[in-house]
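Got the model open in your viewer? Let's take a walk through it, from the inside outwards.

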Amino acid sequence: MDIKFRTFQLCILLALWVFTSCNAQTKNTTTKLVGGGCEGCEAIFEYGDQKLTPIDTLPEFQNNEPKLKITGTVFKKDGKTPAENVIFYIYHTNRNGIYETKGNETDWARRHGFIRGWVKTGKDGKYTFYTFRPAAYPDGSEPEHIHTTVKEPDKNEYYLDDYLFNDDPILTQNTRDKLNNRGGSGITRPIEENGILTINRDIILGKNIPNYE
């Protein structure tokens, strides 16, 4: 009887040890998001049934000046190999500095507005957006900027540094010094080509991105 009782005790202790060990491992195992937290980054999936290509034209492109062409190449972490099947999402304000809506938006479009677009890189890693130059916020609290989010095939979505304009008087040296250069510098230098402002920004995936492997 005594031997059976001791055996029972040992079984209980063993079961408790296994449970405690597994529970501790579960608590110590955390999934780190590439790029850290990102409010609104899930909007990158809101392209619906649109077939994504390396080129996209944002709404109101034809109706606004100055027109803008954003182009470049997406590279893998080595900075040399073109990255294929990378989705880019951008959105920005209108010429009054407002994230314009039509009133029937859902999900993140209610905050981002309808001036937004998506592209997906091909084998050469190239991408192009046709849009127009946004205005700064009406209160002047932020320089002109274009938000961008990226989604690699094998990683969660994360944000890159905004597209900024080197000739923007609101883009102070203090603001420049605080930039993290996620994906590389987002400060662009518009050049007029055939009547359209053109900015070229190459992206290096993983550059200055937390938890990137």
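The largest nonpolar core of this predicted model holds 27 residues. If you want to find its busiest members, click on Ile70, Val74, Phe88, Tyr127, Phe129, Tyr158 and Leu205, which have the most contacts inside it. Strands do the supplying here: E2 (67–75), E3 (87–91), E5 (126–132), E6, E8 (163–165) and E11 (196–200) are the elements that give two or more residues to this core. There is also a second, separate core, made of nine residues, with Ala43, Ile44, Tyr89 and Trp108 among them.

Stay with Leu205 for a moment. Which residues does Leu205 touch, once those up to four places away in sequence are left out? The list includes Val74, Phe75, Lys76 and Lys77, then Ala83 and Val86, and further along Val150, Glu152, Tyr158 and Tyr212. Step on to Gly206 and you are in the segment after strand E12 (203–204). Gly206 has a relative accessible area of 8%, which is under the 20% cut-off, so this glycine counts as buried. Beyond its neighbours within four places in sequence, Gly206 is in contact with Tyr158 and Tyr212, and both of those tyrosines are also on the list for Leu205. Try Leu160 as well: Gly206 and Leu160 are 46 residues apart in sequence, with their C-alpha atoms 9.7 Å apart in space.

Zooming out, the chain has three helices and 12 strands. Of its 213 residues, 42% count as buried. Take the contacts with a sequence separation of 6 or more: 71% of them are between residues 24 or more positions apart.

Now for the largest pocket, with a volume of about 600 Å³. It is lined by 25 residues, and the closest to its centre are Tyr91, His145, His147, Tyr159 and Asp162. Helix H2 (109–112) and strand E6 (145–151) each supply at least two residues of the lining, and E6 has the largest share, with four residues. E6 is also one of the strands that feed the largest nonpolar core. What is the lining like by class? It has 11 nonpolar, eight polar and six charged residues.

Next, the disulfide: the count comes to one. Cys38 and Cys41 form it, with their sulfur atoms 1.5 Å apart. The link is right-handed, with 45 degrees about the S-S bond. Its two ends sit differently with respect to the surface: Cys38 counts as partly exposed because its relative accessibility is 21%, whereas Cys41, at 3%, counts as buried.

Finally, a few backbone oddities. Most residues other than glycine have a negative phi, and most peptide bonds are trans. Where is the cis peptide bond? It joins Glu65 and Pro66, with omega about -5 degrees, and Pro66 is in the loop between strand E1 (55–57) and E2. Asp107 is not a glycine, yet it has a positive phi of about 55 degrees. You will find Asp107 in the loop between E3 and H2, where it is partly exposed, with a relative accessible area of 48%. Asn194 has a positive phi too, near 55 degrees. Its place is the loop between strand E10 (191–193) and E11. With a relative accessible area of 85%, which is over 50%, Asn194 therefore counts as exposed.

Methods: Residues numbered from 1 in each chain as written. Predicted model: local features only at pLDDT ≥ 70, side-chain atom pairs only at ≥ 80, totals over all residues. Heavy atoms only, no water. Disulfide = S-S within 2.5 Å. Buried < 20%, exposed > 50% of the residue type's maximum accessible area, 1.4 Å probe, protein only. 1 Å grid on protein atoms, 1.4 Å probe; cavity = no way out; pocket = protein on both sides within 12 Å on 5 of 7 lines; lining within 4 Å. Points joined across faces, edges and corners; volume = space filled by probe spheres on them. Nonpolar A, V, L, I, M, F, W, Y, C, P; charged D, E, K, R; others polar. Core = buried A, V, L, I, M, F, W, Y, C linked by side-chain atoms within 4.5 Å. Contact = heavy atoms within 4.5 Å.
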